[in-house]
Number of protein chains: 2
Amino acid sequence: MRKLDILDSTLREGEQYIKTYFTQEQRLMIARLLDALGVAFIEVPSPIASPETHEAVEAICALNLRSKIVAHVRCVEADVQAALETPVYGLNLFYGTSSELRSFSHGRRIDQIKQDAVPLIHAIRAAGRYVRFSAEDAFRSDLVDLLTVFDAVVEAGVDRIGLPDTVGIATPRQVERLLHLISSRYPHVGIEFHGHNDTGCAIANTIGAFEGGADCLDVTVLGIGERNGIASLSGIIAQLYIHYPDLLAGYDLTRLAEIDEYVSQTLGVPIPFNMPITAPNAFTHRAGVHTKAVLQNPRAYEVLDPDDFGLTRHVDVGSRYTGRHAVGHRASTLGLQLTNEELVQLTQALKKHAERGALKSEEVDMFIHTWYQEKGSLVWER
Amino acid sequence: MRKLDILDSTLREGEQYIKTYFTQEQRLMIARLLDALGVAFIEVPSPIASPETHEAVEAICALNLRSKIVAHVRCVEADVQAALETPVYGLNLFYGTSSELRSFSHGRRIDQIKQDAVPLIHAIRAAGRYVRFSAEDAFRSDLVDLLTVFDAVVEAGVDRIGLPDTVGIATPRQVERLLHLISSRYPHVGIEFHGHNDTGCAIANTIGAFEGGADCLDVTVLGIGERNGIASLSGIIAQLYIHYPDLLAGYDLTRLAEIDEYVSQTLGVPIPFNMPITAPNAFTHRAGVHTKAVLQNPRAYEVLDPDDFGLTRHVDVGSRYTGRHAVGHRASTLGLQLTNEELVQLTQALKKHAERGALKSEEVDMFIHTWYQEKGSLVWER
């Protein structure tokens, strides 16, 4: 079986989301929750960013988690030195290799990138730390430039190379093909992928990278990050659950909702309704055709089992699109016996009522009880 | 150039999202906005659902939009008759073909599905309407079952066949391959795809369908729908903008943000931060490395131009991860001249201040002004 590490970057990439401000205490809580879930790596910001960041990195390392703590560090000597002064497991170096970033970010040529990176990699290796080198904006980089840089850093002894889709431009097919090429060329180093969501394919691209040969996938809780973010932890978990369930053997999936909820509350931003697994409505069924089948067997319209995540299914009964199976099931749960004709009448009445606005569960129950009592009184009056 | 229709199903699939309740007036407004944007098809619910639904379908048709109005209808004679009593352009029939839906939804065998569907297709064709037949849950259907049903409905004269990933289980590669097989087998009918987001790949799968040969892609505004929804309109627009820009020639992209905003406000649900293009932060840059480059050339970290959508870029200056280029740019915009040394000092002071919480734009400006005045007074005191 292939090995796959998840790297969570909520404390680094996630802090670049415009609404993020984590206190030191919140950073520690997030690290603990990620460790409890079972991610292999937790990425933290560069310790040189500020004294407070340095202190936070020290405190996270002091938790002695099973998850390995890696710092995201520019290929600059002072930045590397500052990171080496902390007890992080390793350093995640990055350097823009596309013509766009070479022109408008750091202004260095490919040969200069090699000159800068190689001695730093040697220094990190000499210090006994793990080191990854990422070619920032890999998917807009010329292939010759990319391979020239990777050849040099692999030769210098990196543990992993990274291919970030920094601007969210790649397609799953492109990612799979490039990762296949790279993993074939460098069979003895790990390969990492980091996918932004500008064109909405971060999750698919990240899984495409695994299919191309990556052995480490970057995520953040809820997918928060620069601009509109990267692949979400729950999205990648959902993909692995369906397509590669053996790879989730070491995870405690019942912690996923807890961590999404914690970060959501900390940010003051609700979990988006489109989030796999942890969206409040991910296991909610509304249309009559759906509710009828789900009440018989949830597998009809569910490929993830909410029980596996400590979550529950909800069958909506109170909308204008409700059906008699859902209404009958609810009436039966409330202990009410209805004939088939009565059920048709009750369903029509409820649909009519819901045309003025969807009803909450309590309102549905109240409506059914009231209708049942009035029906009873009509029978009694006869 | 290949032709591609977008079908928006906000008024049908979108109404199955648990938080959706549209009034008749809101339905009409959404239809008008979609038409102004330029979508080819607008899907509406089955007119038989209720008298109010029937009335809404009539009213939407009466708008005489360029977008074609199609009703989503079960393969049941009464449902088809009710739809034919309205002036809809066409009927989108659907019928579950997977063993799961045959067992737990409608209980009909493959030969019975054919028997049910074929005469209804004949009737719709005889009425001079467009007709599409979708094999619900196509990606869990046996290939022989799928082709058996499609052979029959193509023979019966459908304009399009549809392959929905009803439970959100497919991968982009699977979608592309199956769609390629289907579009090769039925070269003279249209092919439609509808992708749910349970495992987070709805947008990638929908574009994968186009790459496999589909000529009609289903979306909803914001991606709302059953459970955690389907591909979002803005996600598919972002994909086409990057990979197939010629296909967007007939669209008014400046209407996209307006329609996402309208539906968001109607639902009382914010646009998710992960939404391509229309997320409030989709063009916001925070980390120092990013802001430095974006201020030189936005293309460094943007592959979509916000101007094309009538949107604006935002460079965040007030976080603990700000950099001196962003701070210097802001000071210069405020008309303040700083030496390089002063800029380093100001940046350090601002980063320090932002460790207590990120600053809003106004707070950043206030901080810079105050720092500048105090610096001035120090100079004056010397």
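In this predicted model, strand 2 (residues 41-44) of chain B runs alongside strand 3 (residues 68-74) of chain B, and the two pair in the parallel sense over four bridges. Within that pairing, Glu43(B) sits opposite Val70(B) of strand 3. Zooming out a little, this pair belongs to a bigger arrangement: eight strands of chain B close into a barrel, taken in the order 1-2-3-4-5-6-7-8, with parallel pairing. From one strand to the next, the twist averages 25°. As general background, strands of a sheet pair through backbone hydrogen bonds, and they can do so either parallel or antiparallel.

Chain A has a barrel too. Eight strands close up there in the order 1-2-3-4-5-6-7-8, and the pairing is parallel. The average twist from one strand to the next is 25°. For a look at one piece of this barrel, take strand 3 (residues 68-74) and strand 4 (residues 90-96) of chain A, which are joined in the parallel sense by five bridges. Here Val73(A) faces Leu93(A), a residue of strand 4 of chain A. Lying across these two strands is helix 3 (residues 77-84) of chain A, which runs at about 160° to strand 3 of chain A.

Next comes the place where the two chains meet. On the chain B side, 88 residues are in contact with 87 residues of chain A. The size of an interface is often given as the accessible area lost when the parts come together. Between chain B and chain A that buried area comes to about 7500 Å², with carbon and sulfur atoms giving 54% of it. Phe104(B), Arg227(B) and Phe273(B) are the residues of chain B that lose the most area to chain A, and together they make up 10% of what that side buries.

Polar and charged pairs also span the interface. Ten salt bridges turn up between chain B and chain A. One such pairing joins the side chains of Glu52(B) and Lys352(A), at 2.8 Å from N to O. In addition, 61 residue pairs are in polar contact across the interface, counting pairs with both residues at pLDDT 80 or more. Several elements of chain B supply at least two residues each to the side that touches chain A, among them helix 2 (51-61), helix 7 (172-185), strand 9 (284-285) and helix 13 (340-354). The largest share, six residues, comes from helix 4 of chain B. Sorted by type, the residues on this side of chain B are 38 nonpolar, 26 polar and 24 charged.

Over all chains, a search of the whole structure finds 56 salt bridges. One that lies within chain A joins Asp151(A) to Arg185(A), whose closest N and O atoms are 2.8 Å apart. This pair ties together distant parts of the chain, with Asp151(A) in helix 6 (residues 143-155) and Arg185(A) in helix 7 (residues 172-185), 34 residues apart.

Notes:
Residues are numbered from 1 along each chain as its sequence is written. Chains are lettered from A and ligands numbered from 1 in the order in which they are written. This is a predicted model: local features need pLDDT of at least 70, side-chain atom pairs count only at pLDDT 80 or more; totals for chains, interfaces and linings use all residues. Side-chain values use heavy atoms; hydrogens and water are left out. Two strands pair if DSSP finds at least two bridges between them. Axes are lines fitted to C-alpha atoms, for helices over the stretch in contact, and angles run from 0 to 180 degrees between N-to-C directions. Contact means heavy atoms within 4.5 Å. Buried area is the accessible area (1.4 Å probe) that two parts lose on being put together, summed over both. A salt bridge is a side-chain nitrogen of Lys or Arg within 4 Å of a carboxyl oxygen of Asp or Glu. A polar contact is a pair of N or O atoms within 3.5 Å; within protein, one must be able to donate a hydrogen and the other to accept it, and residues adjacent in sequence count only if both atoms are side-chain atoms. Ala, Val, Leu, Ile, Met, Phe, Trp, Tyr, Cys and Pro count as nonpolar, Asp, Glu, Lys and Arg as charged, and the others, Gly among them, as polar.
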